[in-house]
Amino acid sequence: TGYGDRLDGFSALLTAPVRAVETALLHVPVPAFILAVAAAAWLARRRIGFSLAMAALPLVLASLGVWTEAMQSLALVVVAVLLVALLGLPLGIAAARLPRLGRALAPVYDLMQTIPSFVYLIPVAMVLGLGRAPALVATLIYALPPFARLTELGLRGVERELVEAGRALGLGPRQTLWLIELP
């Protein structure tokens with residue numbers, strides 16, 4: 001008996017969120033998307049020139065006829081960023097709390113970042129097939145180490161006095177993490 005059905009199921013599980021986000025993005029009318037980008041750019045910089053330039057970018061994509069492909073790529077990036085945050089934040093917190101784990105993960109992170117993406121993309125594509133699943137896995141492998149490392153570094157850089165002050169005020173470990181260390 002082979003493992004093909006299980007791998008197909010795993011591939012479908014990986015790509016389900018990507019497909020959902022892609023479907024949602026493709027249901028947004030192009031003018032509404034352009035307005036949303038312009039509004040987000042305005043909120044970010046408060047400059048009309050910047051907002052117009054950012055609004056022009058999706059307009060160019062639509063006029064070139066690559067809107068569907070652009071939304072597919074955007075969906076893949078959105079899901080990859082969410083997964084990296086969901087995986088990298090706990091890894092970074094654990095590595096900051098357990099120095100031995102941080103030292104053990106460092107060479108793994110180095111390996112994940114120094115190997116060219118096609119080196120691990122080829123075996124993943126052979127196992128999961130071509131399409132969204134191997135692209136998502138390759139993106140995760142490449143993007144997870146910086147997120148986890150920066151989380152660990154940030155938590156280790158929190159001044160002990162702040163943590164002690166939080167504890168003195170009655171904050172528990174979880175409250176200290178969410179209210180003092182992560183911000």
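**A walk through an all-helix chain**

Follow the sequence from start to end and you meet the pattern α-α-α-α-α-α-α-α-α. That makes nine helices and zero strands, where helices (H or I, at least four residues) and strands (E, at least two) are DSSP runs numbered from the N terminus. The chain is more spread out than a compact globule, because its radius of gyration is 21 Å, well over the 16 Å that the globule rule gives for 183 residues. That radius is taken over C-alpha atoms, and the rule is 2.2 Å times the number of residues to the power 0.38.

A word on the model: it is predicted, so local features need pLDDT of at least 70 and side-chain atom pairs 80 or more, while totals for chains, interfaces and linings use all residues. Residues are numbered from 1 along each chain as its sequence is written, and side-chain values use heavy atoms, leaving out hydrogens and water.

Now look inside. The largest nonpolar core (buried Ala, Val, Leu, Ile, Met, Phe, Trp, Tyr and Cys joined through side-chain atoms within 4.5 Å) has 24 residues, and Leu14, Val18, Met71, Leu128 and Leu136 touch the most other members. Helix α4 (67-97) is among the elements giving two or more residues, and its nine are the largest share.

Finally, try α9 (residues 173-181), where Thr176, Leu177 and Glu181 are buried, meaning under 20% relative accessible area with a 1.4 Å probe, protein chains only; exposed is over 50%, and partly exposed lies in between. The three share one side of α9, because they cover an arc of only 100 degrees around the axis, judged by the directions from the helix axis to the C-beta atoms. On the other side, Arg174, Trp178 and Leu179 are exposed.
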